[in-house]
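Subject: A structure for you to explore

Hello,

Here is the structure I promised to pass on to you. Have a look at it first, and then read on for what I found in it.

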Amino acid sequence: MAAMGTVVCLLGLLMLMQEVKGGQGLGNDGGDLWQEFLRLPTENGGTKWALLIAGSSGYDNYRHQADVCHAYQIMKKGGLKDQNIVVMMYDDIAYNPKNPRKGVIINKPNGGNVYAGVPKDYKGKDVNKNNFLAVLLGKKSALTGAGSGKVISSGPNDHVFVYYSDHGGPGVLSMPSGEGLYANELVQALKKKRAGGAFLNLVVYLEACESGSIFEGLLPSNIGVYAMTASNKTESSWATYCNTPGYTTCLGDLFSVAWMEDADPRRPGDRQTLAQLYTIVKKRTTSSQVKLYGDLRLASQPVSLYYLPPGPGITSDEEGRRGGGVDQRDAGLVYLWREYYEEKSVEAWERLLREMERRSRLDTSVDLIVGDLLSSKAQLLQVRAGQPLVDDWDCLKSMVRTFEAHCGPLGQYGMKHTRAFANMCNAALDHHHMAKAASKACTMHPPLITY
């Protein structure tokens, strides 16, 4: 059988060379044709694909890009070709003036350089919702900006892995540029890709606060999509490695380093399943509840269908070095505090106080709006068991835009309030009600400029 496979590959190469010689099917440089030829087979004869995205920017969010760079190294170790991996990251960390090791990104104390060799397919402002969805759906025509042009052009026998690391809020994931990605938009894209026969199975890992709200009540159980989230629909996910000498920022996220540090020492041939990996990650992610959604029948599949087969796992010494976790939303304050601790400057102290005051004003403004529009605090925090966050997603987007127009951007911290806005929509309120209440609340407590 191996010999037959070699013959088929050689025949394919000869046919490709003939096409190139004849000038058939080529773009400017034949890139699309070569990408198709170099796709890596999986165990069922399909191809492995990976889409890795860090949804933040700024040195205080170092950990998200570190997570994604680490994930890239795992994909490569698992044998995926760069033609089948798309990386989206702002790329403002490695050579940031505050980075103590220029050109180096680490994902744990004394860790190796995970930045080495990472292709930045989409960076800067090209890391946005539109391009993410275009890449996921394999729609080159929908791309904007100056990225590599690579997309997940997977087929019906292929296995696709999607990994997102960043901030989130109820029903929404952050992006470093433009509007956030809402839960219904992601799930609709997954349904569309499935309907188009663009994968056999697809696995998603989400590292974000309230990441369970992205899928609960929305992701079908019969479309071949399996999702693992860092937290349930109501709680934060957590940053880690936040006390590394020389670094004022956290180096990783608890859920993310759990699955990646488990993968690092593994070798091909290990048949660990997604279900077994979930058990390990759930045990190691001690500060939030790791959850599963979608087609749970896939849990019996080996992880090797998607990326490097796992092996013996993390050592007890590495477990001890991770230290306590930090709420994702508080990691920014930890960063500002450590900057002040290192610099001992008035400017650093003022930055910390300004961010604390900004958060306080934002919370106060939302409290005033809620008090004006909802009958009780309980209605603000209501969680709908087994249902989507909101019935009308357009209403939620409109609520967020209206609030921001009057009160300034929610920012990564303020995304936690999207549940309150969703419950306003569920209570049959609309953006006109929000506009009136926000105008009053934010006149009393004008917003500060976001740090």
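**Strand β8 and its partners**

Let's start with one pair of residues: Val203 has Tyr226 of β8 as its bridge partner. Please keep in mind as you read that this is a predicted model.

That pair belongs to a longer stretch of pairing, in which strand β7 (residues 201–207) and β8 run parallel and are joined by 5 bridges. β8 also pairs with strand β11 (residues 291–294), this time antiparallel, through 4 bridges. If you want a place to look there, find Ala227, which stands opposite Tyr293 in β11. As background, the strands of a sheet pair through backbone hydrogen bonds, in either a parallel or an antiparallel way.

Is strand β8 enclosed or open to the outside? Of its 5 residues (225–229), 5 are buried, so β8 is largely enclosed by the rest of the structure. Both of its faces are covered: Val225, Ala227 and Thr229 are buried on one side, and Tyr226 and Met228 are buried on the other.

**A sheet of three strands**

Elsewhere you will find an open sheet of 3 strands in the order β10-β9-β12, with antiparallel pairing. β10 (252–253) and β12 (326–327) are its edge strands, each pairing on one side only. Strand β9 (residues 238–240) is joined to β12 over 2 bridges in the antiparallel sense. One residue to look for here is Trp238, whose bridge partner in β12 is Asp327.

**Two helices that cross**

Now turn to helix α12 (residues 393–407) and helix α14 (residues 418–426), whose axes come within 9 Å and cross at roughly 120°. Because of that angle, α12 counts as oblique to α14. Their crossing is right-handed.

Which residues make the contact? From α12 they are Cys395, Leu396, Met399, Val400 and Phe403, and from α14 they are Thr418, Phe421, Ala422, Met424 and Cys425. By type, the residues of this contact divide into 9 nonpolar and 1 polar, with no charged ones.

**The whole protein**

Stepping back, the protein has 15 helices and 12 strands. Of its 451 residues, 57% count as buried. Taking the contacts between residues at least 6 apart in sequence, 76% join residues at least 24 apart.

Enjoy exploring, and write back with any questions!

Best wishes

Definitions and conventions
Residues are numbered from 1 along each chain as its sequence is written. This is a predicted model: local features need pLDDT of at least 70, side-chain atom pairs count only at pLDDT 80 or more; totals for chains, interfaces and linings use all residues. Side-chain values use heavy atoms; hydrogens and water are left out. Axes are lines fitted to C-alpha atoms, for helices over the stretch in contact, and angles run from 0 to 180 degrees between N-to-C directions. Angles under 35 degrees count as roughly parallel, over 145 as roughly antiparallel, 65 to 115 as roughly perpendicular and the rest as oblique. A crossing is left-handed if the near helix is turned anticlockwise from the far one by less than a right angle, and right-handed if clockwise. Contact means heavy atoms within 4.5 Å. Ala, Val, Leu, Ile, Met, Phe, Trp, Tyr, Cys and Pro count as nonpolar, Asp, Glu, Lys and Arg as charged, and the others, Gly among them, as polar. Two strands pair if DSSP finds at least two bridges between them. Buried means under 20% relative accessible area, exposed over 50%, partly exposed in between (1.4 Å probe, protein chains only).
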